[in-house]
Amino acid sequence: MSALSFPRLAVVALIAIGAGCSGENVPDVATAEIRRGEYTDVVEIRGDVRPVRTTYVSAPRDAGELLILKIARNGTAVKKGDVVAEFDAINAKRTIQEKQSELRAARAEVEQARAQASITLEEKAATVRKASFDVERAKLKLGDIELVSVMEAEKNKLGLADAEQRLREAESAYDAAKSGIESDAIARQRRIDKIQADLDRAMRSVNAMAVTAPTDGTVNVLPNHRSSTPMGVPQEYRPGDRTFAGATILELPDLSEVFLVARIDEADRGALRIGQSAAIRADAVADREYNATVRDISVLARVDFMGGWPPAKQFDLTIAIDDADGRLRPGMSAKARIDVGRVPDVLLVPAEAVFNIDGRNVVYRRERRGFVQVPVEIVRRGRDQAAISGAVKEGDRVALTRPDLPAGETGDGK
């Protein structure tokens, strides 16, 4: 080995030793960079999408059981007067057949009753005529009273009185028969009128099987609770489904203004106010974030007895979605992030990068030879990030887990 080669080897060895010493105390933990910016405090809630108003469309009334022949597809934009559903009136058609048969039978009975009434009145009139003739004959016999004996005269008087009584009875029977026939005719006509009314109603129901939209809107087909999937979830109304008269089958929400309706906990109520901005993401529209504004917060709290004891108090919250599009549908679940406070020009770190050690808030700043514990003050802290101040600067990298603990342990002071 030459004299020049030995110093070269020594330098290489010193570099290797230096490199090993500089990295042997640096744990392999995830880090994040401290950045300077505006701190935004947010409240996250979940709720359901609701339109400003909704018009409900029902199946025809007074039609009995119905079969859906056609129904507008979900999400279809319709105008007032457009046909949104067509039905087959199963019971109404059966009712029409039954009422038509009843009407024919009732009219036949009326004709038969009229014929029988005519015969009855003719018989009663003939009885009256005969009684009247008997009275006139009795009067003629009474006119010969001077030519007959006293006994025969009394007999003729009795005969006249008897004939007059039979005439009164015959006339009374005729009047009673006529009154009864008229009453029967009125009752039969009323029955015919009722059958005709039922028939007309059934025919109107059949003719009204095409249901039109009462206003402009976007079709939202409602679930048919008479049918369900194997999981027990009702499916939307579809062609071929049966339903009952007057059932609400779809709605036409006015999507010109859409809201997110939710409930907030009592702890978050004080941080919210009308007019705060929010960002909304619907579960079914993953590629779009909607801008929104807090529109209304209820004054009175609702007590939720389902969440344990003591029961939590919640407030109704309405958030107006400012830039809603056609993909939003009533009933969709969505999450809102409401901006409740801002602090400009502060140092920002992930919330998990701040640890509480022996009552002090610290971060672990990475340096060339390892991590150094640096005390900091928390200006504001949220779920995701924290605004801090202290002996740190923009660009420093801090640990997201405690580097002074074995891997897998986080300590109880975080």
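Biologist: What is the mean pLDDT of the protein chain?

Modeller: This is a predicted model, and 85% of the residues in the protein chain reach a pLDDT of 70 or more. Over residues 1-24, however, pLDDT stays under 50, and for this stretch the model has five contacts beyond four places in sequence. For the protein chain, the mean pLDDT is 82.

Biologist: How many strands are there in the protein chain?

Modeller: The protein chain has 414 residues, of which 34% are buried. Its secondary structure comprises four helices, and the number of strands is 24.

Biologist: Which strands are the edge strands of the open sheet with the order β3-β13-β9?

Modeller: This open sheet has three strands with antiparallel pairing. Strand β3 pairs with β13, which covers residues 248-253, over five bridges. An edge strand pairs on one side only, and the two that do so are β3 (54-58) and β9 (220-221).

Biologist: Which residue in β13 is the bridge partner of Val 57?

Modeller: Strand β3 spans 54-58, and β3 and β13 pair in the antiparallel sense. Within β13, the bridge partner of Val 57 is Leu 250.

Biologist: Does Trp 309 count as buried or exposed?

Modeller: Trp 309 lies in the loop between β17 (302-304) and β18 (312-321), and together with Val 303 and Phe 305 this residue forms a nonpolar patch on the surface, with about 430 Å² of accessible area together. The cut-off for this class is over 50% relative accessible area. Because its relative accessibility is 74%, Trp 309 counts as exposed.

Conventions:
Residues numbered from 1 in each chain as written. Predicted model: local features only at pLDDT ≥ 70, side-chain atom pairs only at ≥ 80, totals over all residues. Heavy atoms only, no water. Patch = residues over 30% accessible without salt bridge, like charges linked within 9 Å, V, L, I, M, F, W, Y side chains within 5 Å. Areas by Shrake-Rupley, 256 points an atom, 1.4 Å probe, with all protein chains shown as cover. Salt bridge = Lys/Arg side-chain N within 4 Å of Asp/Glu carboxyl O. Buried < 20%, exposed > 50% of the residue type's maximum accessible area, 1.4 Å probe, protein only. Pairing = 2+ DSSP bridges. pLDDT = per-residue confidence, 0-100. Contact = heavy atoms within 4.5 Å.
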